[in-house]
Structure formats: structure tokens, C-alpha cells
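Please read the points below alongside the sequence and the coordinates. They cover backbone geometry, burial and a few contacts.

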Amino acid sequence: MAQRNVKRARVGVSGDGEGAGPTAAARPHRHLRLPNYETVALMLQGGGALGAYQAGVFQGLYEAGIEPNWIAGISIGALNTAIIAGNPPEKRVERLLQFWETICQPAFGLPLPAPVEHVLFNSSEAVRKAFTAAQAMSAIVEGQKGFFVPRFPPPLPTVSGPPQLASYYDTAPLKATLESLCDFDRINSGEIRVSVGAVNCGTGNFAYFDNTHTTLRPEHFMASGALPPGFAAVEIDGQYYWDGGLMSNTPLYEVLQSTPRRDTLAFQVDLWSAIGPVPDNITDVQGRMKDIQYSSRTRLVTDMLQRSQRFRHVLREVLDRVPEEQRDDPWCKLAEDLSCSKRYNVIHLIYRHKEYEGHYKDFQFGLSTMREHWRSGLDDIRASLEQPDWLDMPENDAGFVTHDIHRDSR
């Protein structure tokens with residue numbers, strides 16, 4: 001059983017209480033002793049402005065002294081991956097905050113004074129909905145600082161040109177932001193394994209760019225987040241790539257099916273929940289469609305992987321009972337190849353839709369909303385790490401367990 005330091009302290013937050021919001025002052029305040037997992041993976045789904053939730057989760061892991069040795073991301077998850085892997089441990093929360101506070105400002109105009117935004121965001125539900133909708137419209141009209149700006153003149157629907165110009169927005173500011181906040185030599189050093197997913201526009205095939213076999217550049221992370229038609233395909237070595245979320249919005253399968261298999265603790269951070277209320281108006285219908293489309297059925301994939309691992313685990317146990325003199329049998333050798341005694345512990349952290357959010361929640365980059373998303377991630381990971389035995393190595397016949405603070409608390 002994993003041993004834990006039970007000392008608790010309030011650090012790394014700002015505002016009106018524990019978990020009140022992001023701050024660059026986060027410090028590790030308790031180190032959880034993990035079992036001997038060979039891989040500690042952080043898997044980050046796509047979801048645009050909702051990605052601040054992932055930053056909150058990472059802050060909570062950092063507070064607990066949990067350092068992933070493999071980070072895999074898609075879309076906004078890939079951008080968070082670049083920030084984390086591209087900085088030393090003590091700078092990662094600070095750089096994440098710098099990144100999010102940058103891209104949550106309008107590209108050209110001045111942001112509202114903080115007190116004014118605070119009042120509007122924390123007013124009545126009607127005012128909050130109108131205010132956040134206006135911020136989403138601002139993102140469409142003028143873009144976001146350090147992230148994307150509208151193309152001028154805008155592209156004409158039937159006029160051909162270079163693939164890298166076939167979009168409504170220019171993401172050149174994002175490249176400059178990544179280069180200023182990330183050390184790509186560190187990303188490629190192998191200190192952390194880094195994987196980001198994208199789709200090849202020409203072949204339709206899914207691709208993972210991984211620092212174990214590719215020298216990663218800003219373009220690889222930008223390709224993972226190049227969601228058309230807003231963002232153009234990104235050219236890499238003569239091929240053009242779009243957002244990986246077009247095919248699969250979670251790197252869960254990539255990490256858990258990797259070989260050679262390893263004892264793994266995986267934190268799967270999703271920004272779209274498959275579970276939600278049945279919508280009763282057109283605006284909510286649009287939002288619910290996104291939830292279902294981009295949730296990638298994480299739990300379905302997890303259940304499938306759990307069943308597969310159970311077969312491998314049981315096969316390994318059966319083989320251990322076969323006499324040594326019969327191990328040369330061809331069927332036993334095949335079973336040896338298929339069996340596996342490795343164990344997997346998957347902790348799900350899934351962002352929960354807020355009542356005031358509309359279908360635009362993935363491109364509503366308000367500072368107050370960002371802080372609330374961040375706070376939600378921080379609260380969820382803290383609650384998850386407080387659960388007895390959740391970090392322990394699985395001991396069931398599958399060698400595979402899953403946990404979800406929202407599901408398990410119901």
C-alpha cells in the first residue's frame with residue numbers, strides 16, 4: 001500500500017480561500033509516496049479555453065510532489081504539454097499561469113480593468129451569461145493575444161492558395177508565445193517523454209509526434225491544435241497536419257497501449273464530459289453536441305483497455321502454473337507473447353460544465369472564467385489525491401483500476 005505524508009497545508013492559491021484560483025507562488029507542500037510505477041503519465045485532452053482546468057490539475061500534482069515522466073496531449077492539451085515539459089519543475093506552474101494570462105487577453109484592445117471584470121463575472125446569472133458571451137464574440141472578432149488573430153483580408157471560400165493560409169485566423173502569435181515560454185532543448189532532452197497527436201491532412205492518418213524519435217519544434221505542438229477552418233494546417237517535413245481532436249481527442253489509448261508495457265499510473269484530464277443534462281433549447285443543444293463529440297468516450301476506451309489487460313493478466317497467471325518442461329510448446333510461447341503482468345491505475349479528472357456556459361465555452365477566453373476553470377482542476381485533483389488507496393498498485397485480477405472523483409462520490 002502506498003504510504004503517505006498526512007501533513008496538509010494551504011499553499012499555491014490566491015483569493016478568498018483554499019483552491020480560490022491560480023498563482024505563480026505554488027510550492028510542493030506534501031510529497032505523496034507512490035508505489036514503484038515505471039510510468040507516471042499525464043494525458044491532456046483538447047478543449048480550447050477549457051484547458052485552464054488542466055493547468056489546475058497540474059498545479060495540484062506539483063503540490064503533491066508527483067512528477068509525470070510522460071506527458072501526452074492533443075490540441076490545447078498539447079500546448080499545456082509544451083509549457084510543462086519546456087520548463088524546470090519549479091517554473092512550470094508560473095509559466096502555465098503566464099501562458100494563460102496572456103492568451104486570455106484580447107489581441108488588440110485593452111482588457112477590462114480587473115475590478116470591473118470581477119463585478120460583471122460575479123453578478124447575476126443573466127449578467128454573467130451576457131458578459132461571457134461578449135468575451136467569446138471578442139475572440140471571434142479580434143482573436144486572442146499571443147495566440148491567434150483574424151486574417152486580413154479574410155479568405156474567400158473558393159479562392160485557392162497555400163494550405164497554410166487556408167483558415168480564418170493566423171496563429172503566428174502562438175509560435176512566438178511558445179518560443180518565449182518553452183525551452184525546446186529541454187523538451188527534447190528526454191527528461192520527460194512528450195507525445196502530441198495530430199491528423200495528416202493528406203492521408204487522414206493519425207500521427208503522434210514523440211520526443212523519443214522526433215526532435216519536437218513549436219510546429220509540432222501547433223499542428224496538434226490546428227483546428228480547421230479556424231486554424232490552418234501546419235507544415236511539417238513536407239506534410240500538412242490538423243488538430244488531433246478531429247480523430248481522437250484523448251491520448252489515453254496511445255499511452256496505455258504502448259509497448260513494452262510498464263506498470264503505469266495515469267492521470268487522464270478530460271475537458272468534455274460525456275455525461276450531462278438533456279438540452280431544452282438550441283443554444284444548449286450546440287454545447288451538448290460538442291460535449292458528446294469531443295469527449296471521445298473516455299470511459300468506453302478505458303473499459304475496453306481494462307478488459308484487454310484482464311485477459312493478458314489472467315493468461316500470465318495461467319502460464320505461471322504450467323510446468324516448466326511444457327513451456328516450449330508453440331501455444332505456450334504464443335501465450336507468453338500475449339500475456340502481461342503489468343498493472344495500470346487510471347485516475348480520471350473530467351471538467352464539469354458550468355450552468356452559465358454556452359456552446360462557446362471552448363473559445364471564451366475571459367480571465368475570470370480561466371481562473372474558475374483552473375480552480376476546478378485544482379479542487380478535483382486535490383480531492384482525488386485525498387482518497388485512501390487511490391494511488392495504490394492494482395491488486396485485482398485485471399491488474400487495472402480506474403477512479404473518478406465525480407463518479408465515485410455519487
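Two strands count as paired if DSSP finds at least two bridges between them. The model is a predicted one, and the points below should be read with that in mind.

1. Strand pairing. Strand 5 (residues 193–200) and strand 6 run antiparallel and are joined by 5 bridges. One pair can be picked out for checking: glycine 197 has tyrosine 208 of strand 6 as its bridge partner. Strand 6 spans residues 206–210, and 4 of its 5 residues are buried, so the rest of the structure largely encloses this strand.

2. The hairpin turn. How many residues lie between the strands in the hairpin of strand 5 and strand 6? There are 5 residues between them, and glycine 204 takes a positive phi near 75° in this hairpin.

3. Positive phi outside glycine. Two further residues deserve a look. Serine 75 has phi near 60°, a positive value in a residue other than glycine. Serine 75 sits in the loop that runs between strand 2 (70–74) and helix 2. Is serine 75 buried or exposed? Its relative accessibility is 12%, and buried means under 20%, so serine 75 counts as buried. Aspartate 389 is not a glycine either, yet its phi is positive at about 70°. This residue belongs to the loop between helix 13 (367–385) and strand 11 (400–404). With a relative accessible area of 36%, aspartate 389 is partly exposed.

4. Cis peptide bonds. The bond from phenylalanine 152 to proline 153 is cis, with omega near -5°. Proline 153 lies in the loop between strand 3 (149–150) and strand 4 (169–170). Another cis peptide bond joins threonine 259 and proline 260, where omega is about -5°. Proline 260 is placed in the loop between helix 9 (252–256) and strand 9 (264–270).

5. Helix 2 against helix 3. The axes of helix 2 (residues 76–85) and helix 3 (residues 92–103) come within 9 Å and cross at roughly 135°. An angle between 115 and 145 degrees falls in the oblique class, so helix 2 is oblique to helix 3. The crossing of the two helices is right-handed. On the helix 2 side the contact is made by Ile76, Leu79, Asn80, Ile83 and Ile84, and on the helix 3 side by Arg92, Arg95, Leu96, Phe99 and Trp100. By class, the residues of this contact are 7 nonpolar, 1 polar and 2 charged. An α-helix has 3.6 residues a turn, so residues three or four places apart point the same way.

6. Burial of helix 2. How many of the residues of helix 2 are buried? The count is 10 of 10, and helix 2 is described as mostly covered. Among the buried residues are Gly77, Ala78, Thr81, Ala82 and Ala85.

7. Tyrosine 53. This residue is in helix 1 (residues 52–63). Tyrosine 53 is buried, with a relative accessible area of 0%. Which residues does tyrosine 53 touch, leaving aside those up to four places away in sequence? They are Val269, Asp270, Leu271, Leu349, Ile350, Tyr351, His373, Trp374, Ser376, Gly377 and Asp380. For one of these, leucine 271, the separation from tyrosine 53 is 218 residues in sequence, while the C-alpha to C-alpha distance is 7.5 Å.

Methods
Residues are numbered from 1 along each chain as its sequence is written. This is a predicted model: local features need pLDDT of at least 70, side-chain atom pairs count only at pLDDT 80 or more; totals for chains, interfaces and linings use all residues. Side-chain values use heavy atoms; hydrogens and water are left out. Buried means under 20% relative accessible area, exposed over 50%, partly exposed in between (1.4 Å probe, protein chains only). Helices (H or I, at least four residues) and strands (E, at least two) are DSSP runs, numbered from the N terminus. Contact means heavy atoms within 4.5 Å. Axes are lines fitted to C-alpha atoms, for helices over the stretch in contact, and angles run from 0 to 180 degrees between N-to-C directions. Angles under 35 degrees count as roughly parallel, over 145 as roughly antiparallel, 65 to 115 as roughly perpendicular and the rest as oblique. A crossing is left-handed if the near helix is turned anticlockwise from the far one by less than a right angle, and right-handed if clockwise. Ala, Val, Leu, Ile, Met, Phe, Trp, Tyr, Cys and Pro count as nonpolar, Asp, Glu, Lys and Arg as charged, and the others, Gly among them, as polar.
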